[in-house]
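This report introduces a structure to a reader who has not met it before. The sequence and the coordinates are shown first, and the description follows.

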Amino acid sequence: MAHDLSQSEPIGNVWNPATTESRTARYVLIAITLVFLGLFLFMPLVSVFVEAFRKGPAEFFAALVEPDAKAAIRLTLLVAATAVPLNLIFGVVAAWTIAKFEFKGKAFLTTLIDLPFSVSPVISGLVYVLLFSSHSVLGPWLKSHGIEVLFAVPGIVLATMFVTFPFVARELIPLMQHQGTTDEEAALSLGANGWQTFWHVTLPNIKWGLLYGVLLCNARAMGEFGAVSVVSGHIRGLTNTMPLHVEILYNEYNFVAAFAVASLLALLALVTLVLKTLLELRYGAELRAAGGH
Amino acid sequence: MKHFRFSLSLAAALLTATVAFQPMSAARADTTLLNVSYDPTREFYKDFNAAFAAKWKADTGETVTIQTSHGGSGKQARAVIDGLDADVVTLALESDISAIVKAGNKINPDWRTKYPHNSAPYTSTIVFLVRKGNPKGIKDWGDLVKDGVEVITPNPKTSGGARWNYLAAWAWAYGQYGGDEAKIKDYIATLFQHVPVLDTGARGSTTTFAQRELGDVLLAWENEAYLSLAEFGEDKFDIVVPPQSILAEPPVAVVDANVDAKGTRKAAEAYLQYLYSEEGQTLAAKHFYRPAEPELVPADVLKKIPELKLVTIDDPIFGGWAKAQPYHFGDGGTFDQIYKPKQ
C-alpha cells in the first residue's frame, strides 16, 4: 500500500502534473533560486540604496544636484539619446538585410554584428584611441578641422554605439527570420513599394521585439563603463558619464555621493526593467503571437 | 533585388551619417584650462583651482575655469600623448612628462628649467600606513618582508607612486647590503611576494587597504597617508615614518603644443607659477605635501611634517630618472626580473 501511495503522489498533484519531482524537491529548488537571487541580485541593489541614504536624504539629493554630477547625468542621457536611435536604425536595417535577403557573406555579416558582444569593452575603447589619437591618420586631420573625437563627447558616443551595436539587430534577426518574407511578398504583389511594405507590413510585425531591443540597448548605453572609460579622458564636468562619475566619487572617499549617483543609475535600469515587464504583461499575447519572446 | 539594393543604399547612407556625426562644441567660459594630474592630488587641486581662479579674476578681470582629470600618472601621460587636450600636466614623475616630450614634442624638452626647483613646486615622500597600534611592529623597510606581513602597493608599471615605493625600498636595501645588487634584488623580490594585490594606481591601493581592509601596511604617499587618517578616522590607522625614505618630486609643465593651439599660454603659465606663491605653497602644505619653499608657509602648518633622511632620484644609487626609469621599470628592467605574479 505504501508503495502505491508514493507512486500516486505526483499524479494526484493538480498544481503541476507535468513534473514528477516531489513537493520537497520543488520547494528546495524554489528556495535555492530565491536565496541565490536575494544574495547576488537583491542584496547588492538594496545596499546601494542603503549606502546612498546613510547620511539622510539631504546629502543624497545634494550629491545629485552638484554641478559635476549634473553634468555627468546630462552627458549620460545625451549619449544614450544619440547612440540608441542610431543603433535602432542600424539594427533594423541590418536585421532586414540579413533576415529577408540571400547574399554572399551573410554569415560573415551576422558574425560581425556579434563582435561587440565577444570583445572586451576595453578593446572596444582602445580601437577608437588607435583610430583617433594624435598619432593616427584621422585624429590630427579632424583636429585641424576643429573636430575633436577622442577624449570628447563624440568619442564617448562612438564607443557606446560600438558596444550597444548588436542589441537591436540580435533581437530582430531571429524574429524576422521566423516571420519569413511571405507578408512582404504579398504586399509587394499588391503593388506596395519598398518603403510602404516596410512601414505597413514589416514594422508592425516586429514592433515589440524592436522595443525590447531598444530597452536593452538603452540600459547598456547608460551603464557602459569599460569602453567609455578608455576614450573619456576623465575631465570632470565635461567627459565623465554617470558610471565614471561614480568611480571618481568612490575614489575620493565620497561614498554617500558615489552611491547616490549609483542608485540613480540603478533606478534608471529599474525603470527600464519595469517598462519591459509592463510591456510583457500588457502585450504578452501579442508578443507571443508575433513570435517574440 | 530592387529592394535589396534599396536597403543597401539606405544602410550606406546611415553609415555615412554615423561617421560624419559632428561633435557639439562645449560652451566655454572666458578661459578654460585642463589640468591633467595624478591620483592623490585631487583634494589639493580642488582648493588650489578655486584660489587661482579668484586670483586671476582679481588680477585680469577674466574668468578662468579649471577642469581636472585624475588617474594613474603613467596612464594620464599616455592620454595626453594620445590627444587629451591638457594645458598643464602635474604628474607624479619626471619620466612621465619626459614620455610626452619624446612622443611628439607636445612639451618643449627644456620644461624642467621653466619653473624653480626643477619644476617641482612641492615634494613628498613615501611612508607606511599601518593598522592602529601597529600590531605587526613595522618600523623600517626590513620589517616589510617579515613572515606574515602583507604589503599593499600599486603596480610600478602603471603608477607613479608605486615607482617611488619601489625606489625607496631599493635605496634602503642599497644601504643595508652595501650596494650588492643581487642582495637588493632578492630583498625587492621578497617584498613583492608579500604583496597580495597590485592595484593600478595609488588611490586604488589606499582603497584596498583602508576600505577593503586588506594587508598590514600600505606604502603610501605621505599626503595620501594623512588623508586616509582624516577620511577614515585616526582611530583606525597609524602613520609610521621610516628612518629613511625617498624624496619624490612630482613635476609640473605647460603642454606647449596645446596651449599654443588654444591660445591659453598666459593663463596656463600663471597657473603653474601660482603654485610657487605663498598661497599655493601653504595650500600644498595643508594637503600634506612638502612645500618647495617652506619659508613662505606659516610655521603652524609646517610643523606637522616630520623630518627624516631623504634620498633623491639624482643620488648615484639611481643616477636620475633618465637612467632609473628604463633600468628599473622598462621592459626587462629590474621590476620585470623580480616580479612573478603569484599563482
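## Chain A: helices and overall form

Chain A contains 14 helices and 0 strands. Its pattern along the sequence is accordingly written α-α-α-α-α-α-α-α-α-α-α-α-α-α. The description rests on a predicted model, for which the scores are ipTM 0.72 and pTM 0.78.

The radius of gyration of chain A is 24 Å, whereas a compact globule of 293 residues would have one near 19 Å. Along the principal axes, the C-alpha atoms of chain A occupy a box of roughly 85 × 65 × 30 Å. Of the 293 residues in chain A, 38% are buried. When contacts in chain A between residues at least 6 apart in sequence are considered, 75% of them link residues at least 24 apart.

## The nonpolar core

The largest nonpolar core comprises 162 residues. The residues with the most contacts inside this core are A95(A), L172(A), V231(A) and V261(A), together with V88(B) and V89(B). Helix α4 of chain A, which spans residues 67-100, makes the greatest contribution to the core, with 15 residues.

L172(A) illustrates the packing around one of these core residues. Neighbours up to four places away in sequence being left aside, L172(A) touches G91(A), V92(A) and A95(A), as well as I206(A), G209(A), L210(A) and G213(A).

## Chain B: confidence and domains

The average pLDDT of chain B is 87, and 91% of its residues score at least 70. Residues 1-29 of chain B have pLDDT under 50 throughout, and the model gives this stretch 24 contacts beyond four places in sequence.

In the domain assignment, domain 1 of chain B consists of 31-120 + 249-276, and domain 2 of chain B consists of 124-248 + 307-338. Taken over C-alpha atoms, the centres of these two domains of chain B are 27 Å apart. Each domain brings 18 residues to the contact between them. On the domain 1 side of this contact in chain B, α3 (73-82) and α4 (94-102) each provide at least two residues. The greatest contribution to that side comes from α4(B), with 4 residues. By class, the same side holds 6 nonpolar, 6 polar and 6 charged residues.

## Tyrosine 274 and helix α12 of chain B

Y274(B) belongs to helix α11 of chain B, which covers residues 265-274. Y274(B) is classed as partly exposed because 18 C-beta neighbours lie inside 10 Å, whereas a buried residue needs 20 or more. Although Y274(B) and W56(B) are separated by 218 residues in sequence, their C-alpha atoms are 9.8 Å apart in space. Beyond its neighbours within four places in sequence, Y274(B) is in contact with F52(B), K55(B) and G280(B).

G280(B) is also one of the buried residues of helix α12 of chain B (residues 278-286), along with Q281(B), L283(B), A284(B) and A285(B). The buried residues of α12(B) pack against three helices of chain B, namely α2 (42-60), α11 and α13 (299-302). They also pack against the strands β4 (122-131) and β10 (290-291) of chain B. After α12(B) comes F288(B), which has a positive phi, near 70°.

Conventions: Residues are numbered from 1 along each chain as its sequence is written. Chains are lettered from A and ligands numbered from 1 in the order in which they are written. This is a predicted model: local features need pLDDT of at least 70, side-chain atom pairs count only at pLDDT 80 or more; totals for chains, interfaces and linings use all residues. Domain bounds come from an automatic or database domain assignment. Two residues are in contact if their C-beta atoms, placed from the backbone, lie within 7 Å. Ala, Val, Leu, Ile, Met, Phe, Trp, Tyr, Cys and Pro count as nonpolar, Asp, Glu, Lys and Arg as charged, and the others, Gly among them, as polar. pLDDT is the predictor's confidence in each residue, from 0 to 100. The radius of gyration is taken over C-alpha atoms; the globule rule is 2.2 Å times the number of residues to the power 0.38. A residue is buried if 20 or more other C-beta atoms lie within 10 Å of its own, exposed if 12 or fewer, and partly exposed in between; C-beta atoms are placed from the backbone. A nonpolar core is a set of buried Ala, Val, Leu, Ile, Met, Phe, Trp, Tyr and Cys residues joined through C-beta atoms within 7 Å.
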